[in-house]
Amino acid sequence: MSETIRLEYTVPGDDFARAGEASADLKHTLKRMGFPAEAIRKASIALYEGEINLAIHAHGGQIAVEVTPTAIQMRLTDQGPGIPDIDLAMQEGYSTASEQVRSLGFGAGMGLPNMKRYTDQFAIGSQVGVGTTIEMSVLL
């Protein structure tokens, strides 16, 4: 592959039936393009975790993916409540998900840690009352 592929997705808030569509589409696209299975696995897991976080915490958001010959770059943005303490939010098991969300099997506090774990580059910025931006890449 010598070209850059750009994909964009909108994640609706509080719609757990649709959360996962972007990661499934990315996985299908990368498979069709012949990317290595391990890179596909890592990108799919990280993006799925991001989608779920957008649905649970931010009431939706946007995902932009750029696929190049050397990386799968993913940018997630939202205008949600923001994250007051990023260090705390990055701890495994920490969650602000509601009991209703937890009763559906989500909100275990592994989203952000897994996004970092399954990517080669990870950066998060957030401002309370403004929103959050996450940039992550899987290198090829």
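What follows is a guided reading of a predicted model, moving from its sheet to the helices that cover the strands and then to the side-chain pairs.

The sheet is the natural place to begin. Five strands make up an open sheet in the order β1-β2-β3-β5-β4, and their pairing is antiparallel. The edge positions belong to β1, which covers residues 5–12, and to β4, which covers residues 121–127; each of these has a single partner strand, so one side of each is left without a neighbour in the sheet. From one strand to the next, the twist averages 10°.

Reading the sheet from the β1 edge, one meets the pairing of β1 with β2, the strand of residues 60–67, where 8 bridges join the two in an antiparallel arrangement. Within this pairing, Val11 has Gly61 of β2 standing opposite. The next pairing, between β2 and β3, is likewise antiparallel and extends over 6 bridges, with Gln62 having Thr77 in β3 as its bridge partner. These two strands are joined by a hairpin through 3 residues.

At the other edge of the sheet, β4 and β5 pair in the antiparallel sense over 7 bridges, and Ala123 stands opposite Glu135 in β5. A hairpin is formed here as well, with 3 residues between β4 and β5, and Gly129 in its turn has a positive phi of about 80°.

Two helices can be placed against these strands. Helix α1, made of residues 21–32, lies across β1, β2 and β3, the last of these spanning 71–77, and runs at about 160° to β1. Helix α2, made of residues 37–57, lies across β1, β2, β3 and β5, where β5 spans 131–139, and the direction of this helix is at about 0° to β3.

Gly50 offers a closer view of helix α2, in which this residue has its place. Is Gly50 buried or exposed? With a relative accessibility of 2%, Gly50 counts as buried, because the cut-off for that class is under 20%. Once residues up to four places away in sequence are set aside, Gly50 touches Leu76 and Met115. Between Gly50 and Met74 the C-alpha to C-alpha distance is 9.7 Å, while the two residues are 24 apart in sequence.

The charged side chains add a further set of links, for the count of salt bridges comes to 6. One of them joins Glu21 to Arg18, with the closest N and O atoms 3.3 Å apart. Both partners are partly exposed, Glu21 having a relative accessible area of 43% and Arg18 one of 37%.

Another salt bridge is made by the side chains of Lys42 and Asp120, at 3.2 Å from N to O. Because Lys42 lies in helix α2 and Asp120 in the loop between α5 (111–117) and β4, this pair ties together parts that are 78 residues apart in sequence. Lys42 is buried, with a relative accessible area of 17%, whereas Asp120 counts as partly exposed at 39% relative accessibility.

A salt bridge also brings together strands of the sheet, where the side chains of Glu135 and Arg75 meet at 2.0 Å, N to O. Glu135 lies in strand β5 and Arg75 in strand β3, so the pair ties together parts that are 60 residues apart in sequence. Here Glu135 is partly exposed, with a relative accessible area of 37%, and Arg75 is partly exposed too, with a relative accessible area of 38%. Glu135 is also the residue that Ala123 stands opposite in the pairing of β4 with β5.

The last contact to consider is aromatic, and the count of such pairs comes to 1. The rings of Phe16 and Phe106 form this pair, which is stacked, with 4.9 Å from centre to centre and 20° between the planes. Which parts of the chain does the pair of Phe16 and Phe106 tie together? Phe16 lies in the loop between β1 and α1, and Phe106 lies in the loop between α4 (99–103) and α5, so the pair ties together parts that are 90 residues apart in sequence. Phe16 is itself buried, with a relative accessible area of 18%.

Methods: Residues numbered from 1 in each chain as written. Predicted model: local features only at pLDDT ≥ 70, side-chain atom pairs only at ≥ 80, totals over all residues. Heavy atoms only, no water. Pairing = 2+ DSSP bridges. Helix = DSSP H or I, 4+ residues; strand = E, 2+ residues; numbered from the N terminus. Axes fitted to C-alpha atoms, helices over the stretch in contact; angles between N-to-C directions. Contact = heavy atoms within 4.5 Å. Buried < 20%, exposed > 50% of the residue type's maximum accessible area, 1.4 Å probe, protein only. Salt bridge = Lys/Arg side-chain N within 4 Å of Asp/Glu carboxyl O. Phe/Tyr/Trp six-rings, centres within 6.5 Å; stacked < 30°, edge-to-face > 60°.
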